[in-house]
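Here's a quick briefing on a ligand site and a sheet. Have the viewer open while you read.

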Amino acid sequence: MKILVATEKPFAPLAISQIRDVAEEGGHTLTLLEKYSSPEELHAAVADADALIVRSDIVDAALLAAAPKLKIAVRAGAGYDNLDLNGCTASGVVAMNTPGQNSNAVAELAFGMMLFSARGGFDGKTGSELMGKSLGLHAFGNVGRCMARIAAGFGMETCAYDPFVDHKAIRDAGVTPVDTIEELYSSCQYVSLHIPANDKTRGSIGEKLISLMPAGGVLVNTARKEVINEAELAEMMEKRSDIRYLSDVAPDNASLFAERFAGRYFFTPKKMGAQTAEANINAGVAAASQIVAFFATGDETCRVNKPK
Ligand code: 3PG
């Protein structure tokens with residue numbers, strides 16, 4: 001079978017060589033499309049692909065129509081909001097993700113941004129420490145768990161809100177569970193987002209929650225920019241000069257932040273939470289292994305779409 005790795009944002013070369021080894025040991029061939037500049041280029045590349053590995057690359061109806069041989073598409077990463085799940089089902093394509101494989105990289109970036117901000121962007125002036133501060137985890141999945149582990153090392157007090165995880169599992173990780181989202185935002189100086197982007201969460205973080213944050217509140221977003229109500233966030237930052245926003249990738253209204261909120265925000269130039277060699281290897285090799293297992297035995301572990 002022909003496996004195509006199509007990544008606008010390339011994996012590290014070492015990850016590619018390990019992905020290739022897994023594919024070839026499984027009896028498949030691997031082709032590579034990196035840094036493509038248009039959807040058309042991607043659609044041309046999938047024409048003869050049996051399997052596809054992507055990152056945040058868009059797998060939509062147009063791609064599926066251009067890929068008549070496609071049987072499986074794996075998002076090498078956690079969030080699969082870039083995959084048209086119903087479209088995959090309708091086309092008989094199995095869609096998967098690789099949960100947990102890049103979580104530590106994302107959590108380390110969140111802490112990197114928090115330290116950078118707490119120290120005033122390393123400007124030489126007096127900053128503050130993370131030790132003793134409260135950290136609220138909005139969702140307690142794989143990244144949330146990595147955040148909790150790192151936060152313990154910093155001596156932070158960590159709480160989590162996640163209606164899908166029972167309190168005991170949260171407590172067992174050394175984290176205090178809270179019952180309501182309002183309690184999380186009102187009791188934690190740092191709130192870190194670890195929710196997926198879907199119809200329920202898009203635009204869900206706005207004035208109602210941000211206004212609850214205590215003095216010096218810092219909102220940390222390594223999830224998706226789409227979960228933020230950008231207009232309401234900007235309004236809140238206007239009203240409250242103590243609020244800061246740190247995000248892995250700039251919001252659409254980034255120029256407004258530059259004009260009005262200097263020193264109170266940080267945005268990565270490109271989404272880079274999972275941009276470590278380790279995360280690339282973990283997620284890329286997992287994706288390739290899942291494809292090999294799928295073709296060998298029909299294994300559908302990590303499938304995220306419904307069967308036809
Ligand atoms: C994920 O959902 O796994 C992360 O956001 C990483 O996305 P990326 O592969 O585009 O870096």
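**Ligand pocket and parallel sheet**

This is a predicted model, where local features need pLDDT of at least 70, side-chain atom pairs count only at pLDDT 80 or more, and totals for chains, interfaces and linings use all residues. Residues are numbered from 1 along each chain as its sequence is written, and side-chain values use heavy atoms, with hydrogens and water left out.

**Around the ligand**

- The residues around the ligand (a heavy atom within 4 Å of it) are Lys9, Arg55, Ser56, Arg75, Gly77, Ala78, Gly79, Asn102, Arg224, Lys271 and Ala274.
- By class, that shell splits into 5 charged, 4 polar and 2 nonpolar residues; Ala, Val, Leu, Ile, Met, Phe, Trp, Tyr, Cys and Pro count as nonpolar, Asp, Glu, Lys and Arg as charged, and the others, Gly among them, as polar.
- Lys9 has a side-chain N or O atom 2.8 Å from a ligand oxygen, and a polar side-chain atom of Arg224 also sits 2.8 Å from an oxygen atom of the ligand.
- For Arg75, the distance from a polar side-chain atom to a ligand oxygen is 3.0 Å; a polar contact is a pair of N or O atoms within 3.5 Å.
- On its own the ligand exposes 320 Å², and the protein buries 95% of that (Shrake-Rupley method, 1.4 Å probe).

**The sheet**

- An open sheet of 7 strands runs in the order β8-β7-β6-β9-β10-β11-β12, with parallel pairing; strands are DSSP E runs of at least two residues, helices are H or I runs of at least four, and both are numbered from the N terminus.
- At the edges are β8 and β12 (265-267), each pairing on one side only; two strands pair if DSSP finds at least two bridges between them.
- Strand β6 (residues 134-138) joins β9 (residues 190-193) through 4 parallel bridges, and His138 stands opposite Leu193 there.

**Strand β7 and its neighbors**

- Because 4 of the 5 residues of β7 (residues 157-161) are buried, the strand is largely enclosed by the rest of the structure; buried means under 20% relative accessible area (1.4 Å probe, protein chains only).
- With β6, β7 shares 5 bridges in the parallel sense, and Gly136 faces Cys159 across that pairing.
- Between β6 and β7 the chain passes through helix α6 (residues 142-154) in a right-handed β-α-β crossover; right-handed means that, with the strands pointing away from the viewer, the path from the first strand over the helix to the second runs clockwise.
- β7 also pairs with β8 (residues 176-177) in the parallel sense over 2 bridges, with Ala160 opposite Pro177.
- β7, helix α7 (residues 167-172) and β8 form a right-handed β-α-β unit.

Note on methods:
Polar contact = N/O pair within 3.5 Å; in protein donor to acceptor, adjacent residues only side chain to side chain. Buried < 20%, exposed > 50% of the residue type's maximum accessible area, 1.4 Å probe, protein only.
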